[in-house]
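Opening a fresh page for this one. I want to go from the overall layout down to single residues and jot down what I find.

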Amino acid sequence: MSERMVDYITDEHCIDIDPGILKSVKEMILASSEFTVKSAKEKSFLYDIVANGRNGIDVDKFDYIGRDCRACGIGCNFEFQRLMEGMRVMGDEICYRAKECCGAYVCGCTS
């Protein structure tokens, strides 16, 4: 559905965008699918930013956590900025410090 929304927005507002860039944006949206063909072979970690099929930690989840907490009227102490400050790209994969993961509500671990 997100891919169709991008098409609708670009068509409805007559946005002149390079077809290659549009294709990359759509691939990033759909990156969690194992069937998606990724055109950027060198930096495939970029696809994990929006929809991370490897571990589920992505900006969509960051948004959901904050929005859902506000909608439910509960406090949210998840600090995605802190998680992002400690992340690094290693071996073409976005990696997080173990102590940050276990301290946040991201990986679901209890230790």
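**Layout.** I started by walking the protein chain from the N terminus, and the elements come in the order α-α-α-α-β-β-α. That gives me five helices and two strands. Note to self: this is a predicted model.

**Whole-chain numbers.** I looked up burial next: of the 111 residues in the protein chain, 23% are buried. The exposed surface comes to about 8,000 Å², and carbon and sulfur atoms supply 56% of that area. I also checked how far apart in sequence the contacts reach. Taking contacts with a separation of 6 or more, I get 26% from residues 24 or more positions apart.

**Helices α1 and α2.** I wanted to know how α1 and α2 are oriented to each other. Helix α1 covers residues 2-12 and helix α2 covers residues 19-29. Their axes come within 9 Å and cross at roughly 150°. Anything over 145 degrees counts as roughly antiparallel, so α1 and α2 fall in that class. I noted the hand of the crossing as well: α1 and α2 cross right-handed. Then I listed who makes the contact. From α1 I have S2, E3, V6, D7 and T10; from α2 the partners are L22, K26 and I29.

**Aromatics.** How many aromatic pairs does the structure hold? I count two. In one of them, F62 and F78 sit 5.5 Å centre to centre with 50° between the planes, which makes the pair tilted. F62 belongs to helix α3 (residues 59-72), while F78 is in the loop between α3 and α4 (80-85), so this pair ties together parts 16 residues apart in sequence. I checked whether these rings are buried or exposed. F62 has a relative accessible area of 10% and is buried. F78 is buried too, at 10% relative accessibility.

The other pair is F62 with F80. Here the ring centres are 5.6 Å apart and the planes are at 25°, so I filed this pair as stacked; the cut-off for that label is under 30 degrees. F62 in helix α3 and F80 in helix α4 are 18 residues apart, and the pair links distant parts of the chain. F80 has a relative accessible area of 31%, so I put it down as partly exposed. Putting the rings together, I have F62, F78 and F80 in one aromatic cluster.

**Backbone oddities.** Last, I scanned for positive phi. Most residues other than glycine have a negative phi, so exceptions deserve a note.

Where does C14 lie? I found C14 in the loop between α1 and α2, so it belongs to the connection between the helices I looked at above. Its phi is near 50°, a positive value in a residue other than glycine. C14 counts as exposed, at 68% relative accessibility.

D92 also went on the list: phi is about 65°, positive although D92 is not a glycine. I located D92 in the loop between β1 (88-90) and β2 (93-95). At 22% relative accessibility, I have D92 as partly exposed; buried would need under 20%.

**Recap for the page.** I'm keeping three items: the right-handed crossing of α1 and α2, the cluster of F62, F78 and F80, and the positive phi values at C14 and D92.

Conventions
Residues numbered from 1 in each chain as written. Predicted model: local features only at pLDDT ≥ 70, side-chain atom pairs only at ≥ 80, totals over all residues. Heavy atoms only, no water. Helix = DSSP H or I, 4+ residues; strand = E, 2+ residues; numbered from the N terminus. Buried < 20%, exposed > 50% of the residue type's maximum accessible area, 1.4 Å probe, protein only. Contact = heavy atoms within 4.5 Å. Areas by Shrake-Rupley, 256 points an atom, 1.4 Å probe, with all protein chains shown as cover. Phe/Tyr/Trp six-rings, centres within 6.5 Å; stacked < 30°, edge-to-face > 60°. Axes fitted to C-alpha atoms, helices over the stretch in contact; angles between N-to-C directions. Parallel < 35°, antiparallel > 145°, perpendicular 65-115°, else oblique. Left-handed = near helix turned anticlockwise from the far one by under 90°.
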